Amino acid sequence: MNTADFISKKTLETIINASYTWQTPSNIALVKYWGKSEPQIPKNASISFTLNNCHTITTIDFEKIPTITGTSKSRTATFELFFEGKKKDDFKPKIAKFFERIQEYCPYILDYKMMIYSENSFPHSSGIASSASGMSAIAMCLLSLEKELNPNLTTDFINKKASFLARLGSGSASRSIEGPLVVWGKHPEIKGSSDLYGVKYPNKVHPIFENYCDTILLVDKEEKQVSSSIGHNLMHNHPYATQRFKQANDNLNQISKILQNGNIKKFIALVESEALTLHAMMLTSNPYFILMKPNTLEIINKIWEYREQNNSNICFTLDAGANVHVLYPNSEKKEIELFIKNTLSNYCQKKQYITDTVGLGSKKI
């Protein structure tokens, strides 16, 4: 599919008022994407686990704007935004830019006043992909309206267009529509993969990766010092960018084989290497920056120590922040969660962490 396929066709129905609520998940990339070109095209393919408990719930109330003879239609979307019960005008510029980007594909948004109500199950802007779950939730609400305006739309098309739209708000949001494993970015070894939207990983996954666990250790719940958007832009003139993009695509090819054959030791090595490489790109950009905190490193060392002493399959990954995602198979859940509670939680703010599992994607509620 290409971008023209996502331009909204003539609507068949008239909707005056409507309201839709979607719960969409965050995700954690196993092979990272870091670096993009406009409009939100990744420099390398990535693959992520969709999460269950870390999600955004968004409701959008649509009210059709009356047409007044002799007046022209507004060229900007009309909306108000409430986040966790409070009006959030400081969030509006990002959402307004998103609506501006998608007008070509969803011209009907100019016909409605939108009241957006959103809440997260996790701290905003703390290294958990809140923009991923937030933008994908808005996209699914828009596609619910589009489905009513044009009942001929298929579920497959809706999921692809929602991912396509969400991507224009936040690249990683393209991976938060479906699950449990989603690939975003064109890759020769992944059937159906595209730079324009995320696709479900198409191959059979080994049972060891089913019901996989992810405990997010909240090392730092404050807003990140450097946003992901700024970090991505610093890859344009990065001295190691070309090698990194090739490495990521090679790693995606490798992890695809690992997910199928169940080699968990190779999974651990690749996932941890990807996490550290992501932060190495930050350390070597110009200007350089550090999103890890001292306790991030303490946790990593404790995980390595525990794995060595217990012959465990525990491992970690990092997103663009200080928090640590502790990954482990369901078969080791009891022992590892005890280790997290007794040891790793001591390095979290107020000993807080979120126990999660791999999930199936967005759902209407």
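1. In strand β7 of this predicted model, Lys-113 is the bridge partner of Thr-78. That pair belongs to the contact between β7 and strand β5 (residues 78–83), where six bridges join the two strands in the parallel sense. Strand β4 (residues 46–64) also pairs with β7, but here the two run antiparallel and are joined by nine bridges. Within β7, Glu-119 is the residue that Ile-57 stands opposite.

2. The two faces of β7, which comprises residues 112–120, deserve separate attention. In a regular strand the side chains alternate between the two faces of the sheet. The covered face of β7 carries Tyr-112, Met-114, Ile-116, Ser-118 and Asn-120, whereas Lys-113, Met-115, Tyr-117 and Glu-119 make up the uncovered one. Two residues of that uncovered face have already been named above as bridge partners, namely Lys-113, paired with Thr-78, and Glu-119, opposite Ile-57.

3. How many residues of strand β10 (residues 213–217) are buried? Five of the five are, so β10 is largely enclosed by the rest of the structure. Cover is present on both faces, with Cys-213, Thr-215 and Leu-217 buried on one side and Asp-214 and Ile-216 buried on the other. In this respect β10 has two covered faces, while β7 has a covered face and an uncovered one.

4. The pairing of β10 may be read together with its burial. Five bridges join β10 to strand β12 (residues 324–328) in the antiparallel sense, and β10 also pairs with β13 over five bridges, again antiparallel. Leu-217 takes part in both pairings, since its bridge partner in β12 is Val-324 and its bridge partner in β13 is Tyr-353.

5. Some points of backbone geometry should be checked by eye. Most residues other than glycine have a negative phi, and most peptide bonds are trans. The peptide bond from Glu-38 to Pro-39 is nevertheless cis, with omega near -5°, and Pro-39 sits in the loop between β2 (36–37) and β3 (41–42). A second cis peptide bond joins Asn-286 and Pro-287, with omega about 5°, and Pro-287 is found in the loop between α6 (264–283) and α7 (294–310).

6. Which residues other than glycine have a positive phi? Gln-40 is one of them, with phi near 60°, and Lys-350 is another, with phi of about 55°. Gln-40 belongs to the loop between β2 and β3, where Pro-39 also has its place, whereas Lys-350 lies in the loop between α8 (333–342) and β13 (353–357). Their surroundings contrast, because Gln-40 is buried, with a relative accessible area of 3%, while Lys-350 counts as exposed at 76% relative accessibility.

7. As for the overall fold, the protein chain contains eight helices and 14 strands. Its radius of gyration is 21 Å, close to the 21 Å that the globule rule gives for 365 residues, so the chain is as compact as a globular protein of that length. The C-alpha trace spans about 75 × 45 × 40 Å along its principal axes. Among contacts with a separation of 6 or more, 77% are between residues 24 or more positions apart.

8. On burial and surface, 55% of the 365 residues count as buried. The accessible surface of the chain comes to about 16,500 Å², and carbon and sulfur atoms account for 50% of it. The chain carries 42 positive and 35 negative charges, and the mean positions of these two sets are 2 Å apart.

Conventions: Residues are numbered from 1 along each chain as its sequence is written. This is a predicted model: local features need pLDDT of at least 70, side-chain atom pairs count only at pLDDT 80 or more; totals for chains, interfaces and linings use all residues. Side-chain values use heavy atoms; hydrogens and water are left out. Helices (H or I, at least four residues) and strands (E, at least two) are DSSP runs, numbered from the N terminus. The radius of gyration is taken over C-alpha atoms; the globule rule is 2.2 Å times the number of residues to the power 0.38. Buried means under 20% relative accessible area, exposed over 50%, partly exposed in between (1.4 Å probe, protein chains only). Contact means heavy atoms within 4.5 Å. Accessible areas come from the Shrake-Rupley method with a 1.4 Å probe; for residues, only the protein chains shown count as cover. Lys and Arg count as positive and Asp and Glu as negative; His and the chain ends are not counted. The place of a charge is taken as NZ of Lys, CZ of Arg, CG of Asp or CD of Glu. Two strands pair if DSSP finds at least two bridges between them.
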